[in-house]
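Reader: I am in my first year and still learning to read protein models. Could you take me slowly through one part of this one, and then show me what surrounds that part?

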Amino acid sequence: MRKTSAVLATLSLAVLALTGCTAAPSFDGAGCDRAAGGDGIQDAVTVTGDFGEAPKVTVFSPLSIKEPAYADLTVGDGRAIENGSQVVSLELSLYSGNTGKKVFATSYDESQRGLSTTDSWSEQSPGLGEVLQCATAGSRIVAGLTPDAFGAKSLSGIGLEDDDNVVFVIDVVDVFPSKAEGTLQFNDAAGMPTVVRAPDGTPGVIIPDTAAPAETAVQTLIKGDGPALTADQTPVVNVTAVNWDDKSIVTTTWGTTPRLDLGTAVPEVGKALVGATVGSQLLVVVPGVDQASAIVYVVDLLGVAPAATQ
């Protein structure tokens, strides 16, 4: 697998590292009534141009809003953003509410398009979490954020005054699933761990009271119906790793951020993923890792990173 640069879009820079760190708060479960967020923002901003391409935007400035507001100019029929750690691909442009001038934009170039999460954007601008909650792939969103919702540090970072409202035009290009989605598979190999799953897909691993396999062992637990991963692609995965000996969790991305570097960090797992279909869940037992008799990896193959992140 080619080594990924593992990038995330940010407000001040085009990319940041996409790695599993500390858990960020999930959405508050307020539901998906996106019509409730409008408050007339679409009447204060005119947006033209094709989805996925740099829009032509006119802001009727100075824009005065007391609360954050958003509206879906186009509603896509793709997957919805259901939690803050879900991987997404966005194109967006930012404008000063005071002057109407553009102050930041992503590349709008498919070959340079990176991946991000709602949580990563919320760290830069807290109000973006609400704007993106339950948005679907294929949607174009216009939003207005107050200085508090946008964040004082982010305002100064793009050269805006501390009393400026900020206008966003966001194209939700793609939304990745948060867990494996496919058909459960039957496996009858003796001495292998058992995997159970919470409703949100978080796996639990039951390790048998037997010796670990002497060689790498692989099982497909769920078979997805997406395309097969090739050796030159970078997989986007959720992963939990468990020590065979003491049954402790070595690492997990569940509740944080999916990984792009697993294939290079653990070559045995990377090899096992080649040929697996997107949406699948694999169980990979790798012996002799980190002074353990084996490490058990449960890997949900969520998708393939775009070329820009590989």
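Author:
**A strand pair and its surroundings**

Leucine 282 stands opposite valine 299, a residue of strand β18. The model in front of you is a predicted one, and this facing pair of residues is a good place to begin reading it. Strand β17, which covers residues 281-289, and strand β18, which covers residues 292-304, pair with each other in the antiparallel sense over eight bridges.

These two strands belong to an open sheet of six strands, and if you follow the sheet across, the order is β11-β14-β17-β18-β15-β16, with antiparallel pairing. At the edges stand β11 (182-184) and β16 (249-252), and each of them has a single partner strand, so one side of each is left without a neighbour in the sheet. Neighbouring strands of this sheet are turned against each other by 30° on average, when direction is ignored.

From the sheet we can turn to the nonpolar cores of the chain. The largest nonpolar core has 26 residues, and of these Phe168 and Ile170 touch the most other members. The elements that give two or more residues to this core are β6 (87-96), α3 (128-132), β9 (140-145), α4 and β10, and the largest share, five residues, comes from β10. Isoleucine 170, once its neighbours within four places in sequence are left aside, is in contact with Leu90, Glu91, Leu92, Leu128, Val131, Leu132, Ser139, Arg140 and Ile141. Apart from this core lies another one, of 20 residues, which includes Val237, Leu262, Val278 and Ile295.

Phenylalanine 168 also takes part in an aromatic pair, and the count of such pairs comes to one. The rings of phenylalanine 150 and phenylalanine 168 have centres 5.8 Å apart and planes at 50°, so the pair is described as tilted. Because phenylalanine 150 lies in helix α4 (residues 147-150) and phenylalanine 168 in strand β10 (residues 166-175), the pair ties together parts that are 18 residues apart in sequence. Both phenylalanine 150 and phenylalanine 168 are buried.

Finally, these details can be set against the whole chain, whose secondary structure comes to seven helices and 18 strands. Of its 310 residues, 51% count as buried, and the accessible surface of the chain comes to about 14,100 Å², of which 50% belongs to carbon and sulfur atoms. Among contacts between residues at least 6 apart in sequence, 74% join residues at least 24 apart.

Key
Residues numbered from 1 in each chain as written. Predicted model: local features only at pLDDT ≥ 70, side-chain atom pairs only at ≥ 80, totals over all residues. Heavy atoms only, no water. Phe/Tyr/Trp six-rings, centres within 6.5 Å; stacked < 30°, edge-to-face > 60°. Helix = DSSP H or I, 4+ residues; strand = E, 2+ residues; numbered from the N terminus. Buried < 20%, exposed > 50% of the residue type's maximum accessible area, 1.4 Å probe, protein only. Contact = heavy atoms within 4.5 Å. Areas by Shrake-Rupley, 256 points an atom, 1.4 Å probe, with all protein chains shown as cover. Core = buried A, V, L, I, M, F, W, Y, C linked by side-chain atoms within 4.5 Å. Pairing = 2+ DSSP bridges. Axes fitted to C-alpha atoms, helices over the stretch in contact; angles between N-to-C directions.
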